[in-house]
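Q: I am new to this structure. Please take a close look at a single helix and the parts around it, and then show me a few other features worth finding.

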Amino acid sequence: MIFNPHKLGIHKVLKHIPLNAVFDAPYKRALKKAVNIADLRLIAKARAHKMVFDYLDAGADDEISLRRGKDAYTELEMHYKILSGIKPPLDLSTKIFGMDVNLPFFGCPTAGNRMFHWEGETAAAKASEKFGTLYGLSSLATTGITEIGAIHSGPKVFQLYVWKDRELVKEVIAKAKEGGFGALALTVDFTWYGNRERDIRNDFSIPPKYSVPQMIEALRKPAWTYDFLSHEPYTYACINTDVPADSLAAFVNSQIAPEFNWSDAEWLLGEWNGPAAPKGVVRPDDAKRAIEIGFSSIWVSNHGARQLETSPATIDVLPSIREAVGPDVEIIMDGGVQRGTDIAKALALGADSVGVGKPYLWGLAAGGEAGVSRAYEILKVELDRAMGLLGTPTVADLKREGPSLIKRRGSSIRDYPDRNAHLRGYGGGIV
C-alpha cells in the first residue's frame, strides 16, 4: 500500500496548526527585495520541492529551445527616438480578444497551479483582477471555473486541449461560457506529451511517491511541504472534481487526441461560437489556414519550449506570421518573456498582446498572490520604462512605429570569449 498522508486525513489536522506563516517568513522578506523576474525564480527555487520547481522551470529534451527562446530577445536592439515630448503616465491599455484591458500582457493558462502554492489559480486570478488584465484558465486547472469567475470579473480566456471525448469538450466549454469566459484558446501543439527529462530524473508525480529522495527533499523545503500537507489534495477541477491529479502525464496521455485535425477544429469553433485562437502556431501557413476556417485570433507559442525540441523561438517567427495574416488579425504571443523590454519588442514586431507563463508562476511558487502581483508589477514598470525611453506613449504608438524601433543586430567580435575566437570558427571577422 502506498503511503498517502491526505488519505489518512493529516491535512485536516495540520490546517488547524498555522505554521505556514512561520515557514514562509524568509521568502516573504526576499519577495519584497526582488528586483526582477530572475530574483523571483531564485526565491521559487529555494522554496519549492525540487521536482515541482523543475516541472515549472524545465523545457523539452536538452532544453535548447528553452534557452534560445530567452536569448532571442538579446539579438534585438531598441533604436529609440529622442526628444519625443512625452510625459508620464503612459497608456498601457489595449484590447485582448476584443476586450478592454489595462495592460498588454497577461498570465498564460497553465496546469496545476496548486502544486506550486496552495492559493493556486486563485492567486493568479486575483492578481490579474488587481492589474486589470486578462486571466487565462487551463482546462487542467486545480481551481474550478465557477470559483475563478467569482474572483475575476474582467476579461477571461479558457484554454482547451484536444480531448478525445467530444461530450467532455462540450461540457467543459459550456461551463466556461456560464463562468463568464469570453474567449477560447485551443492548444494545438500538445498532441503528444513532450519529453521533459528533468521530470523523469526527479520521478515527478502529483502527489509525490514518498520515496526516500522525495522525502529528504521535502524536509529541505518545509514551506512547500507544510503548504502541501495542510491543504486539500488537488483535483482537475475544470473537468471532474472526482478525478485526482495523480499524474499529469498519465491523465493527458489517456485523454489527448493525436488525430485531432482541422475539421475537428472547425467543429469546436461551431460549438464555441465566439472569439477563439489556436494556441501553438509557429508557421505562417498554419496561421492563414486558422483564420480561413474561422479562428478570430492567432496565438503564437511553442508551449514554453516544453514540447518539440528545437522548435523556433516565437519572437523570431512573429514577424513572418504578422506579414502572412495582415495588419487586422489579432496576434497573441508568448515564449521566453522575462523582461518588460521583451514585451515591448514583441508588441513592436507584430503582437497585439503578450502572454507570460514562467514569470508569474515563479512568483506564485515564491509567495502566492503576493508573488504573482510582484511579477506583474515588475513587468509593468519595465514595460512603462521601455516605452518611455523608446518615445512611444501608447501601445498603439509602439505597434505602429515598431518596425523602425526594433532591429536585429549583426554578430560582433564582442559576442565571443576573446578577440581571436573568430579565427577558431566562432563568427565573423573583427569589426
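A: Start at Asp 71, which sits in helix H5. This is a predicted model. With a relative accessible area of 41%, Asp 71 is partly exposed. Now find Gly 180, which is 109 residues from Asp 71 along the chain. The C-alpha atoms of these two residues are separated by 37 Å.

H5 (64-71) also leads to the largest pocket. It supplies at least two residues of the lining, and so do helix H3 (37-47), helix H4 (50-57), strand E11 (353-356) and helix H17 (358-390). The largest pocket holds about 780 Å³ of space. Its lining counts 43 residues. Nearest the centre lie His 303, Gly 304, Arg 306, Gly 357 and Lys 358.

Now for the close look: helix H15. It runs over residues 314-325, twelve in number. At 1.5 Å a residue, it should span 16 Å. The C-alpha atoms at its ends are 16 Å apart, so expectation and model agree.

Which residues of H15 are buried? They are Thr 314, Ile 315, Val 317, Leu 318, Ile 321, Arg 322 and Val 325. These buried residues cover an arc of only 150° around the axis, which puts them on the same side of H15. The general rule behind such a pattern is that an α-helix has 3.6 residues a turn, so residues three or four places apart point the same way.

What do the buried residues pack against? Their partners are strand E1 (76-78), strand E8 (276-281), helix H14 (284-293), strand E9 (297-300), strand E10 (330-334) and helix H16 (340-348).

Glu 323 is also in H15. Its relative accessibility is 67%, so it counts as exposed. Look from there to Arg 400. Glu 323 and Arg 400 are 77 residues apart in sequence. Their C-alpha atoms are 14 Å apart in space. After H15 comes Gly 326, with a positive phi near 90°.

A second helix makes a useful companion. H13 (262-272) comes before the loop that leads to E8, and E8 is one of the strands that H15 packs against. At the start of H13, a side-chain oxygen of Asn 261 reaches to within 3.0 Å of the backbone nitrogen of Ser 263. Buried in H13 are Asp 264, Ala 265, Leu 268, Leu 269 and Trp 272. Seen down the axis, these residues fall within an arc of 145°, so they line one face of H13. The cover over them includes E6, helix H8 (166-178), strand E7 (183-187), E8 and H14. H14 and E8 are therefore worth finding twice, since the buried residues of H15 pack against them as well.

H13 is followed by Asn 273, whose phi is positive. The value is about 55°, although Asn 273 is not a glycine. Asn 273 is exposed, with a relative accessible area of 67%.

Strand E6 (156-160) holds Gln 159. Is Gln 159 buried or exposed? Its relative accessibility is 2%, so it counts as buried. A polar contact of 3.2 Å links its side chain to that of Ser 138. Setting aside neighbours within four places in sequence, Gln 159 is in contact with Pro 109, Leu 137, Ser 138, Ser 139, Ala 185 and Thr 187.

Now return to E1 and follow the loop from there to strand E2 (94-96), where Pro 89 is placed. Most residues other than glycine have a negative phi, and most peptide bonds are trans. The peptide bond from Pro 88 to Pro 89 is cis, with omega near 0°. Leu 83 lies in the loop between E1 and E2. It is not a glycine, yet its phi is positive, about 50°. At 84% relative accessibility, Leu 83 counts as exposed.

Finish with the enclosed spaces. The whole structure has two cavities of 30 Å³ or more. The second largest has a volume of about 60 Å³. Its lining is made of Arg 114, Met 115, Phe 116, His 117, Trp 118, Trp 224, Asp 227, Phe 228, His 231, Glu 232 and Tyr 234.

Terms used
Residues are numbered from 1 along each chain as its sequence is written. This is a predicted model: local features need pLDDT of at least 70, side-chain atom pairs count only at pLDDT 80 or more; totals for chains, interfaces and linings use all residues. Side-chain values use heavy atoms; hydrogens and water are left out. Helices (H or I, at least four residues) and strands (E, at least two) are DSSP runs, numbered from the N terminus. The expected span of a helix is 1.5 Å times one less than its number of residues. Buried means under 20% relative accessible area, exposed over 50%, partly exposed in between (1.4 Å probe, protein chains only). The arc is that of the directions from the helix axis to the C-beta atoms. Contact means heavy atoms within 4.5 Å. A polar contact is a pair of N or O atoms within 3.5 Å; within protein, one must be able to donate a hydrogen and the other to accept it, and residues adjacent in sequence count only if both atoms are side-chain atoms. On a 1 Å grid over the protein atoms alone, a cavity is a set of points where a 1.4 Å probe fits but cannot get out, and a pocket is an open set with protein on both sides within 12 Å along at least five of seven lines; lining residues have an atom within 4 Å of a point. Grid points are joined across faces, edges and corners, and a volume is the space filled by probe spheres set on the points.
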